[in-house]
Amino acid sequence: MSDSSVPEVSETTLPEPTLPEPTLPEPVRQRIVTLTAAALPGLPADELPAPLRRVAKFAPNRRARLGGGAIATQLAGDPLFRQRVTSRILTEAGDLGAAVVDGVVPAAADPVEVAALAYLVRPPGWRDQVEAAGAAVQADVDSAVVAELVRSAEQRVARAEHDRAVAKVEADKLRDELARVREELGQLREEARTLSRSLRETQGRERKATEMLATEKGRAARAANDHDAELRRLRAKLAEAETVAGAARHTAKEARSVDDARLWLLLETIGRASAGLRRELALDPVDWLPADSVAEAYAEGPTGATTSRARDTDDPARLDELLALPRAHLVVDGYNVTKRGFGEMSLEQQRKRLIAGLGGLAAQTGDEVTVVFDGAERMHGLPPTPRGVRVLFSRKGETADELIRRLVRAEPRGRPIVVVSSDREVADGVRRHGAYPLGADSLLRRLARS
């Protein structure tokens, strides 16, 4: 070797061929393979065994990993190769390599490194060094195992302490929950006792009520029997009363026959007297009515006006009574009625509906009917006027209220005139002229009944 500081490895340092190779600890074996793999590229190709020539070309990180088996085999079986590799490894090891060759190993040296160098150099006692390194490695392994066991034990102790603390907390919670459940159970038992007492009291009251109901049923049965007996007695009295009433009706009928005969004679006398009076005054029958004198002035067309509203009686029975009077004249404030009854319709639909209803009323009663509308412009598309109904529109500058009052003033005193309007001013005005004012609802309800 070129380095004079590294001791020469002679053939006497090689192991005896008769002794088998020792069993190397795994860390020592790996370190030997690593050192040898690092030294392979530095050897000439002719000094490399044939199996290692390809391995020497591997990358450093793959050389020991892929060629470890071949390297270990050549080191054990080829002393010359081992000597050549050892020379280069000792050069790299420096003082530690010299110490191994001399058999003086520093105490602080890594036992694995020392064992690996001793295996390669093989000084006297190298087997002991390998075994010592193996023992040291095993001691380290055992120490690590013990340390791991200690850590695992400490962790288990810590977990046990934590589990004990958690179990204690859970036990406290369970004790609290158990106390609460016992308290609720006590309350439920007390409520059950209270409900049991209430149930017994209710059952007692139910028995009393059943007994009272049976008693009342007996009383009701007796009362029903008494009522039936009283009903039979009253029916007998009613039959007697009906017999007496029949006799009284027969007597009244005979008396009415006499009265009817007298009344007929009186009306016949009055009729003959009125006929003689018409002949005396030369009065011929006419088709003209007083309201026609007012209607002729409004035949040109309708004009506009405004109304105010008030309310009189709205009883349709009162309207029927007044229309039953002889030669009654019904005057209707048109829009006052339609806007109150069906204001959601258009004005044209309101007029058509009211006029049609009044036509039916005129046909039923045979009375004269006049309906008055406010009008600001001429109306088009008016429906045909039903028989017995007169339709008028107020002129411009005059309201339907004023036209209604003119119609009432045109009638002779004594003729029954019925004015339908919810306008208070209209009602007060026509009442002063002897007419009967009624509210719009009376006519609406009367038409709805038709």
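**Helix 4 and its buried face**

In helix 4 (residues 68-77), Gly 68, Ile 71, Gln 74 and Leu 75 are buried (under 20% relative accessible area with a 1.4 Å probe, protein chains only; exposed means over 50%, and partly exposed lies in between). Because these buried residues fall within an arc of 135 degrees when seen down the axis of helix 4, they line one face of the helix; the arc is taken from the directions from the helix axis to the C-beta atoms. Thr 73 and Gly 77 are exposed on the other side of helix 4.

The cover over the buried residues of helix 4 includes helix 1 (26-39), helix 2 (50-56), helix 3 (60-66), helix 5 (79-93) and helix 7 (111-121). Helices are DSSP runs (H or I, at least four residues), numbered from the N terminus.

**Basis of the model**

The model is predicted: local features need pLDDT of at least 70 and side-chain atom pairs pLDDT 80 or more, whereas totals for chains, interfaces and linings use all residues. Residues are numbered from 1 along each chain as its sequence is written, and side-chain values use heavy atoms, without hydrogens and water.

**Nonpolar cores**

The largest nonpolar core (buried Ala, Val, Leu, Ile, Met, Phe, Trp, Tyr and Cys joined through side-chain atoms within 4.5 Å) has 31 residues, of which Ile 32, Leu 40, Ile 71, Phe 81 and Ile 89 touch the most other members. Two or more residues each come from helix 1, helix 2, helix 4, helix 5, helix 7 and helix 8. Helix 7 gives the largest share, eight residues.

A second, separate core of 25 residues includes Val 337, Leu 354, Val 369 and Leu 444.

Note on methods: Contact = heavy atoms within 4.5 Å.
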